[in-house]
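Colleague: Could you take one part of this model and go through it slowly with me? I'd like to know how it is put together and what sits around it.

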Amino acid sequence: MTHDDIAAQAAADFRSQFGRAADGVWSAPGRVNLIGEHTDYNEGFVLPFAIDRRTWAAVGLRDDNTARVTSTFSDDEVEIGLSTVGPEQLEGWSAYPLGIAWALGQNGVELAEQHGFDAHIASDVPVGAGLSSSAAIECAVAIALDERWQLGIDRPTLARVGQLAENEAVGAPTGIMDQSASLLGRRDSAVFLDCRSLRSEIVDLGFAAAGLAIVIIDTKVSHSHATGGYAARRASCEAGAAALGVESLRDVGVADLDRAREIMDDETFRRVRHVVTENARVLATVRTLRESGPLAIGEILDASHVSMRDDFEISVAELDLAVVAAREAGAIGARMTGGGFGGAAIALTPLALIDEVTARVGEAFAQAGYTAPEIFTVTPSDGAKREL
Ligand code: ADP
Ligand code: MG
């Protein structure tokens, strides 16, 4: 189905489920992080882009204070009273869309005085592949409610509302990157985000003009058991910052690494070195894109993968193989993306070599006896917007 078809289908499904027309259909994209991994919670830099996989929310206000949500993803219809909604009542998939209503309340919206709403969700973002289907559903609902409740909240603030919903209503300790990419993304561009000031800039990627595409290699290795590893990495970063006497690793430069090595154990030092050099690589990627274009960023992507594999130790054998096979088949740079311990790798690939990369990675996985990966391309796309 084309995106226009999915939007129209979401409106039709809303009508058959709720017995009236929706007020409108809003959509928000998933995202890929081009570079800058595990830097967001260290108040550093990230460079994600919105992708051409989206989630649609057909939404209509009600005359009472009830909120009801349905999704093509699930058979259950979930209903709550807005004036009493709290994180403790929210569970399962509905915590994402209903958590947005709660988080808007935390942001000063008087939920008891608002119209309730019905919402129906449809999506073509793969769930759990590291492309942030979670931010896509949050941001689609956030812009829909912002418009229908006439709140006029700016997008950086809506990103924080989405993060609050994910942290407190869902209970996932994630940073601000995903919602920022989904809300602020622009066609052919990445979002360069400073996670300390929350200032962002749009950076032209120029992939189309250079004849390049981003190939996603979803290893199908689930990262759902990775919570412990993620928390342990966060703890190491905090320990490293404390040893160096700084508020966060954002305040540490490459020149400080020699001193860091002297005063902490080797493992903590390598965790620190990843974050510090990764921040430098994000800045280098932005500079290189602006000065030389995307063909020149391959080495930086490769270096990022090595740092995640050896220093931060969040890669797995499947991700390492995906990166090596893609590079051998002609990708100009490749790295694992997302939180790690599974999920997907990205390969910046000349259009003429996409089939070669796909075939070589598939063969390499078969030879190693790994589950077949899912391989597809994504295009940097526009952020959240009203569709119908
Ligand atoms: P990711 O963001 O990497 O795709 P997460 O575990 O963060 O993975 O979020 C996936 C969860 O988000 C799903 O398990 C589901 O609860 C919720 N979700 C995502 N998309 C939808 C959808 N279209 N409808 C309902 N729930 C969804
Ligand atoms: Mg997510």
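Modeller: One cut-off before we start: I count a contact when heavy atoms come within 4.5 Å, and the angles I quote are between N-to-C directions, from 0 to 180 degrees. Bear in mind too that this is a predicted model.

Let's take the open sheet. Its six strands come in the order 5-4-6-3-1-13, with mixed pairing. Strand 5 (74-81) and strand 13 (385-386) are at the edges with a single partner strand each, so one side of each has no neighbour in the sheet. At the strand 13 end, the partner is strand 1 (residues 24-33); the two run antiparallel and are joined by two bridges. You can find the spot by looking for Ser27, which faces Lys385 in strand 13.

Now for the helices lying over it. Helix 1 (residues 3-18) crosses strand 1, strand 3 (48-61), strand 4 (66-71), strand 5 and strand 6 (117-123), and it runs at about 25° to strand 3. Helix 5 (residues 177-184) lies across strand 1 and strand 3, at about 125° to strand 1.

Stay on strand 1 and go to Asn33, which belongs to it. Asn33 is buried, with a relative accessible area of 0%. A polar atom of its side chain is 2.7 Å from the backbone oxygen of Gly36. Leaving out residues up to four places away in sequence, Asn33 touches Val46, Leu47, Pro48, Met177, Arg335, Thr337 and Ile346.

Some of those contacts lead to a hairpin. Arg335 and Thr337 fall within strand 10 (residues 333-337), where five of the five residues are buried, so strand 10 is largely enclosed by the rest of the structure. Five bridges tie strand 10 to strand 11 (residues 344-350), and the pair is antiparallel. Thr337 has Ala344 as its bridge partner in strand 11. Six residues separate the two strands of the hairpin, and in the turn Gly338 has a positive phi of about 95°.

Going back to the sheet, strand 4 and strand 6 also take us to helix 2 (residues 95-106): strand 4, strand 5, strand 6, helix 3 (133-148) and helix 4 (155-170) are among what covers its buried residues. Nine of the 12 residues of helix 2 are buried, so this helix too is largely enclosed by the rest of the structure. The buried residues include Leu98, Ile100, Trp102 and Leu104. Just past the end of helix 2, Gly108 has a positive phi of about 105°.

That brings us to the ligand. Ligand 1 has 14 residues around it, the closest being Ser71, Gly128, Ser132, Ser133 and Ser134. Strand 6 and helix 3 each supply at least two residues of that shell, and helix 3 gives the most, with three residues. As for polar contacts, an N or O atom in the Ser71 side chain sits 2.7 Å from a nitrogen atom of ligand 1. An oxygen atom of ligand 1 is 2.7 Å from a polar side-chain atom of Ser133, and an oxygen atom of the ligand is 2.9 Å from an N or O atom in the side chain of Ser134. On its own, ligand 1 would expose 570 Å², and the protein buries 82% of that.

Note on methods:
Residues numbered from 1 in each chain as written. Chains lettered and ligands numbered in written order. Predicted model: local features only at pLDDT ≥ 70, side-chain atom pairs only at ≥ 80, totals over all residues. Heavy atoms only, no water. Pairing = 2+ DSSP bridges. Helix = DSSP H or I, 4+ residues; strand = E, 2+ residues; numbered from the N terminus. Buried < 20%, exposed > 50% of the residue type's maximum accessible area, 1.4 Å probe, protein only. Polar contact = N/O pair within 3.5 Å; in protein donor to acceptor, adjacent residues only side chain to side chain. Near = heavy atom within 4 Å. Areas by Shrake-Rupley, 256 points an atom, 1.4 Å probe, with all protein chains shown as cover.
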